[in-house]
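The following exercises ask the student to read a protein structure step by step. Each task is followed by a worked solution.

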Amino acid sequence: MRELEERILKDGRVLPGEVLKVDNFLNHQVDPDLMFSIGTEFAHLFRDAGVTKILTVESSGIAPAVMTGLALHVPVVFARKHKSVTLIDDLFTAEVYSYTKKTSNHISIAKKFLDAGDKVLLIDDFLANGQAVQGLFEICDQAKADVMGVGIVIEKVFQTGHQLVKDRGVRLESLAQITSFDDDRVHFASEQTD
Ligand code: 5GP
């Protein structure tokens with residue numbers, strides 16, 4: 001998605017540890033026009049997948065997920081990160097190791113918001129090593145919901161998350177695919193095909 005790649009080149013900052021900071025349009029301040037375009041694009045890509053629900057993880061997945069839900073006219077549920085592992089009776093939960101925070105969190109979704117047979121589209125801001133998506137896969141498995149696809153705003157294709165999704169046999173669509181960080185320069189997979 002060219003609009004997104006241009007915005008990454010303009011406003012993204014490469015931090016140590018192969019982390020891209022995009023806090024002025026995605027991770028802290030949010031650009032609603034760009035999010036609307038992102039949601040429209042995901043809805044276009046997955047329009048024939050029969051999606052009944054969108055799942056994401058708080059907080060940075062919420063903006064693109066809501067815009068996708070708006071375009072597909074389906075509800076959006078975000079997994080909450082919580083510290084307590086007690087009181088899990090009415091929750092589906094999974095443990096997720098955070099790439100940026102280097103800590104493990106439990107993520108959870110109330111059982112009443114995810115049904116057996118739901119056809120789920122997973123949306124997240126980044127795909128790095130795939131831990132967040134793996135946690136959402138586990139929650140869908142617990143609910144006996146079907147994962148119809150994974151939509152990622154920014155994928156770092158040189159990390160292991162891509163293979164994790166492919167091994168599961170799920171369709172993966174990423175709107176910007178970063179192939180490398182070369183000093184402070186971001187390179188996209190699309191440069192190889194332009
Ligand atoms: P994964 O679970 O795939 O290893 O990492 C995905 C999660 O880590 C995303 O939800 C995102 O919050 C965070 N993340 C991973 N890589 C980056 C990055 O380069 N920049 C930012 N801002 N967040 C990232």
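**Exercise 1. State how many nonpolar, polar and charged residues line the largest pocket, and describe where the lining comes from.**

Solution. The model is a predicted one.

Step 1. Sorted by class, the lining of the largest pocket holds 14 nonpolar, 10 polar and eight charged residues.

Step 2. The space in this pocket amounts to about 770 Å³. It is lined by 32 residues, and those closest to the pocket centre are Ser98, Tyr99, Thr100, Asp125 and Phe126.

Step 3. Two or more lining residues come from each of β2 (19–21), β5 (91–97), β6 (104–110), β7 (119–127) and α4 (131–143). With four residues, β7 gives the most.

**Exercise 2. Determine which residues line the second largest pocket, and which element supplies the largest share.**

Solution.

Step 1. The second largest pocket encloses about 200 Å³ of space. Its lining is formed by Val76, Val77, Phe78, Arg80, His82, Leu91, Ser108, Ile109, Ala110 and Phe113.

Step 2. The elements giving two or more residues to this lining are β4 (76–82) and β6. The largest share, five residues, belongs to β4.

Step 3. By class, the lining of the second largest pocket has seven nonpolar residues, two polar and one charged.

**Exercise 3. Describe how β6 pairs with β4 and with β5.**

Solution.

Step 1. Between β4 and β6 the pairing is antiparallel and runs over three bridges. Within it, Arg80 has Ser108 of β6 as its bridge partner.

Step 2. Between β5 and β6 the pairing is also antiparallel, with seven bridges. Here Thr93 has Ser108 of β6 as its bridge partner.

Step 3. A hairpin is formed by β5 and β6, with six residues between the two strands. In its turn, Lys102 has a positive phi of about 60°.

**Exercise 4. Classify Val77, Val76 and Arg7 as buried, partly exposed or exposed, and list their contacts.**

Solution. A residue is buried under 20% relative accessible area and exposed over 50%, with partly exposed in between.

Step 1. Val77 belongs to strand β4. Its relative accessibility is 10%, and therefore Val77 is buried. Apart from residues up to four places away in sequence, Val77 touches Lys53, Ile54, Leu55, Thr56, Ile109 and Phe113.

Step 2. Val76 also lies in strand β4. Its relative accessibility is 28%, so Val76 counts as partly exposed. Apart from residues up to four places away in sequence, Val76 touches Ile54, Ala65, Val66 and Gly69. Val76 and Thr56 are 20 residues apart in sequence, and their C-alpha atoms are 7.7 Å apart in space.

Step 3. Arg7 is part of helix α1. Because its relative accessible area is 18%, Arg7 is buried. Once neighbours within four places in sequence are set aside, Arg7 is in contact with Gly12, Asn24, Phe25, Asp31 and Leu34.

**Exercise 5. Identify the residues with the most contacts inside the largest nonpolar core, and the elements that supply the core.**

Solution. In soluble globular proteins, nonpolar side chains tend to be buried together.

Step 1. The largest nonpolar core contains 30 residues, and Leu4, Ile8, Leu20, Ile38, Ile54, Ile154 and Val186 have the most contacts inside it.

Step 2. At least two core residues are supplied by each of α1 (2–11), α2 (32–45), α3 (62–72), β7, β8 (146–156), β9 (172–182) and β10 (185–188). The largest share, five residues, comes from α2.

Step 3. A second, separate core has 26 residues, including Val96, Val133, Val150 and Leu172.

**Exercise 6. Locate the cis peptide bond, and give the phi values of Glu18 and His73.**

Solution. Most residues other than glycine have a negative phi, and most peptide bonds are trans.

Step 1. The peptide bond joining Glu58 and Ser59 is cis, with omega about -5°. Ser59 is in the loop between β3 (53–57) and α3.

Step 2. Glu18 has a positive phi, near 55°, and is placed in the loop between β1 (13–15) and β2. Since its relative accessible area is 36%, Glu18 is partly exposed.

Step 3. His73 is not a glycine, yet its phi is positive, about 60°. His73 sits in the loop between α3 and β4. Its relative accessibility is 70%, so His73 counts as exposed.

Key:
Residues are numbered from 1 along each chain as its sequence is written. This is a predicted model: local features need pLDDT of at least 70, side-chain atom pairs count only at pLDDT 80 or more; totals for chains, interfaces and linings use all residues. Side-chain values use heavy atoms; hydrogens and water are left out. On a 1 Å grid over the protein atoms alone, a cavity is a set of points where a 1.4 Å probe fits but cannot get out, and a pocket is an open set with protein on both sides within 12 Å along at least five of seven lines; lining residues have an atom within 4 Å of a point. Grid points are joined across faces, edges and corners, and a volume is the space filled by probe spheres set on the points. Ala, Val, Leu, Ile, Met, Phe, Trp, Tyr, Cys and Pro count as nonpolar, Asp, Glu, Lys and Arg as charged, and the others, Gly among them, as polar. A nonpolar core is a set of buried Ala, Val, Leu, Ile, Met, Phe, Trp, Tyr and Cys residues joined through side-chain atoms within 4.5 Å. Buried means under 20% relative accessible area, exposed over 50%, partly exposed in between (1.4 Å probe, protein chains only). Two strands pair if DSSP finds at least two bridges between them. Contact means heavy atoms within 4.5 Å.
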